[in-house]
Amino acid sequence: MTAAAAPRSLILAGVGGQGVLLASNVVAQVCLDAGLDVKKSEVHGMSQRGGTVVSHIRFGPTVHSVTVEPHTADWVVAFEWAEGLRCLGLLGPGGTAFISRERWVPPSALDDRRGGHVAYPLDQVVPEQVVPVDTFTIAAEAAAAKAAVAQTVMLGVLSRQLEFPADAWTAAIERWAPAKSVPDNLLAFERGRRWEAPRAGTLPRVAPAPAVGPPAEPPPAPVVTIEAAWCKGCEICVAVCPERCLVMDAHDIAVFAHPERCTGCRLCSWLCPDLAIDVAAAAAAPVPA
Ligand code: SF4
Ligand code: SF4
């Protein structure tokens, strides 16, 4: 095999539980087995709770820097729709982004004030460089298309872009995937590898979002109740609230100080170690037509 002279750059992105780290290990293994130099790094936050996970991978005859600079990636491969869109700033002008249509809506995007409306990029026009991939449809026969398998579909799609032989990929999957899921992952990989991306100009476009007017009335705020006697003042809830609704009072007790900002995401309730917080949903407001 003739190795390309310059390093190539790949971004893998998804959320915790989608197998981004496993996929990055597979890609790195394939590159190493081909005799290439590989550098990779992962950025992950609350990956056990659906947080963002991004892996930078660079490979070539010699690789010095692990970081993929903005507008330089040859490929972005994302297992979740919003995470893929979030990484488009890393894609180079000649690159391609393969983004799964899977949507994992994070708790912080749930907004009870709008009767369950989700503040998430559900519909938008995407750049020409984006190729949406229906991973669940492609992997339909593999273990009910679980997320851990859909990730291997995307590896199959990626494998068509690279010069490495199919058996190098299957060997790496067998090495890195949990033993009991290897058959499903191999089937999903084969499905992804066989998938034909629509020709340029015929790609399925994502429809623009319909115009939505503002609610007729301000929606009611969720009700957050803090049991002061159970609060030990750890400040976890203050730190995790994405809207900065909570503060500590003079006695080191958490206080729901800004109810007007609260989206009802329940992160504070879920993460309070002493079960001191209760979040009651607001009465459902009608979603504007
Ligand atoms: S997370 Fe719970 S225990 Fe910690 S400050 Fe908040 S309410 Fe109190
Ligand atoms: S107070 Fe709790 S429910 Fe409200 S936005 Fe903050 S973390 Fe979410």
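**Figure 1. Helix H1 and its buried residues.** In this predicted model, helix H1 has a set of buried residues: Val20, Ala23, Ser24, Val26, Val27, Ala28, Val30 and Cys31. Helix H1 covers residues 20–33, which makes 14 residues. At 1.5 Å a residue, helix H1 should span 20 Å. Its end C-alpha atoms are 20 Å apart, so the expected span and the model agree. Just after H1 comes Gly35, with a positive phi of about 85 degrees.

**Figure 2. Strand S1, covered on both faces.** Strand S1 takes in residues 8–15. How many of its residues are buried? The count is 8 of 8. In a regular strand, side chains point in alternation to the two faces of the sheet. On one side of S1 lie Arg8, Leu10, Leu12 and Gly14. On the other lie Ser9, Ile11, Ala13 and Val15. Both sets are buried, so both faces of S1 are covered.

**Figure 3. The partners of strand S1.** Strand S1 pairs with strand S3, residues 52–60, in the antiparallel sense. The two are joined over 8 bridges. Strand S1 also pairs with strand S4, residues 73–78, here in the parallel sense and over 4 bridges. Leu10 serves as a landmark for both pairings. Ile57 in S3 stands opposite Leu10. Trp75 in S4 stands opposite Leu10 as well.

**Figure 4. From strand S4 to strand S6.** Strands S4 and S5 run parallel and are joined by 5 bridges. Strand S5 spans residues 91–100. Trp75 of S4 has Thr96 of S5 opposite. Between these strands the chain passes through helix H2, residues 81–86, in a right-handed β-α-β crossover. Strand S5 in turn pairs with strand S6, residues 130–133. That pairing is parallel, with 4 bridges. Phe98 stands opposite Val131 in S6.

**Figure 5. The surroundings of ligand 1.** How many residues surround ligand 1? There are 13. The closest are Cys231, Cys234, Cys237, Ala254 and Cys272. By class, the shell holds 9 nonpolar, 1 polar and 3 charged residues.

**Figure 6. The surroundings of ligand 2.** Around ligand 2 there are 13 residues. Which come nearest? They are Cys241, Cys245, Cys262, Cys265 and Cys268. The shell around ligand 2 divides into 9 nonpolar, 2 polar and 2 charged residues.

**Figure 7. Two loop residues with positive phi.** Most residues other than glycine have a negative phi. Asp252 is not a glycine, yet its phi is positive, at about 60 degrees. Asp252 sits in the loop between strand S8 (246–248) and strand S9 (254–256). Is Asp252 buried or exposed? Asp252 counts as exposed, because it has 11 C-beta neighbours inside 10 Å, and the cut-off for exposed is 12 or fewer. Leu275 also has a positive phi, near 55 degrees. Leu275 lies in the loop between helix H8 (267–271) and strand S10 (277–280). With 10 C-beta neighbours inside 10 Å, Leu275 counts as exposed.

**Figure 8. The whole protein, for orientation.** The protein has 8 helices and 10 strands. Of its 289 residues, 35% are buried. Among contacts with a separation of 6 or more, 65% are between residues 24 or more positions apart.

Technical notes: Residues are numbered from 1 along each chain as its sequence is written. Chains are lettered from A and ligands numbered from 1 in the order in which they are written. This is a predicted model: local features need pLDDT of at least 70, side-chain atom pairs count only at pLDDT 80 or more; totals for chains, interfaces and linings use all residues. The expected span of a helix is 1.5 Å times one less than its number of residues. A residue is buried if 20 or more other C-beta atoms lie within 10 Å of its own, exposed if 12 or fewer, and partly exposed in between; C-beta atoms are placed from the backbone. A residue is near a molecule or strand if its C-beta atom, placed from the backbone, lies within 6 Å of it. Ala, Val, Leu, Ile, Met, Phe, Trp, Tyr, Cys and Pro count as nonpolar, Asp, Glu, Lys and Arg as charged, and the others, Gly among them, as polar. Two residues are in contact if their C-beta atoms, placed from the backbone, lie within 7 Å. Two strands pair if DSSP finds at least two bridges between them. A crossover is right-handed if, with the strands pointing away from the viewer, the path from the first strand over the helix to the second runs clockwise.
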